[in-house]
Amino acid sequence: MLQCVADMNLSTSYGRVGVPRQLVIKKDASSIADAVDKAGLILPLVAKPLVADGSAKSHELSLAYDQYSLQKLEPPLVLQEFVNHGGVLFKVYIVGEAIKVVRRFSLPDVTKRELSKVTGVFRFPRVSCAAASADDADLDPSVAELPPRPLLERLAKELRWRLGLRLFNLDIIREHGTRDHFYVIDINYFPGKCHF
């Protein structure tokens, strides 16, 4: 479903929306490093299971820092280039024409120093779940500022049309250090609980 966002190439006066470069790995963990190299993806990579059954495993993310650690991942999965985003993501719930946005804590930023010294795979269970609410947290305003409403309305309208859905949610991040570069990192057509 993220391909729909990439195909939109959405850019308005309110910002630009894209998706991180990604790669689907269906089997054979031993070939992941070669596939990543061939696709030109840049480490670190977020690994997301392709399982979408609501289980704890379906919500577990991993962050792989180096080529060697890629073979420790368990396909089937999606690999996405990690984008620093201030450790906050925006869950955008769409029900018909209505849009509700909430802040959630997410994976922490990765510094260049960490990238040069850290190796391995780090697992993060239940990232961005309701218990990880960042709505009342004391955040840097540049991180906490919600995406512009007109941008979200345009994105929601396009996705309703392209996906044929009236009930779904998006996980969106803002590239750290920018005001208007956003990435959709996930689309869920069975969204969790949201209070409008």
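**Exercises on a predicted model**

This is a predicted model, in which local features need pLDDT of at least 70, side-chain atom pairs count only at pLDDT 80 or more, and totals for chains, interfaces and linings use all residues. Residues are numbered from 1 along each chain as its sequence is written, and side-chain values use heavy atoms, with hydrogens and water left out.

**Exercise 1.** Determine whether Lys91 is buried or exposed, and state which side chain it joins in a polar contact.

*Solution.*
Step 1. Locate the residue: Lys91 belongs to strand β7 (residues 88-95); strands are DSSP runs of E, at least two residues, numbered from the N terminus, and helices are runs of H or I, at least four.
Step 2. Lys91 has a relative accessible area of 9% and is therefore buried (under 20%; exposed is over 50%, partly exposed in between; 1.4 Å probe, protein chains only).
Step 3. The side chain of Lys91 makes a polar contact of 2.6 Å with that of Asp171 (N or O atoms within 3.5 Å, one able to donate a hydrogen and the other to accept it; residues adjacent in sequence count only if both atoms are side-chain atoms).

**Exercise 2.** Describe the surroundings of Pro76.

*Solution.*
Step 1. Pro76 sits in the loop between β5 (61-64) and β6 (77-81).
Step 2. Its relative accessibility is 37%, so Pro76 counts as partly exposed.
Step 3. Leaving aside residues up to four places away in sequence, Pro76 touches Ile25, Lys26, Pro49 and Leu50 (heavy atoms within 4.5 Å).
Step 4. For Ile25, the C-alpha to C-alpha distance to Pro76 is 5.6 Å, although 51 residues separate the two in sequence.
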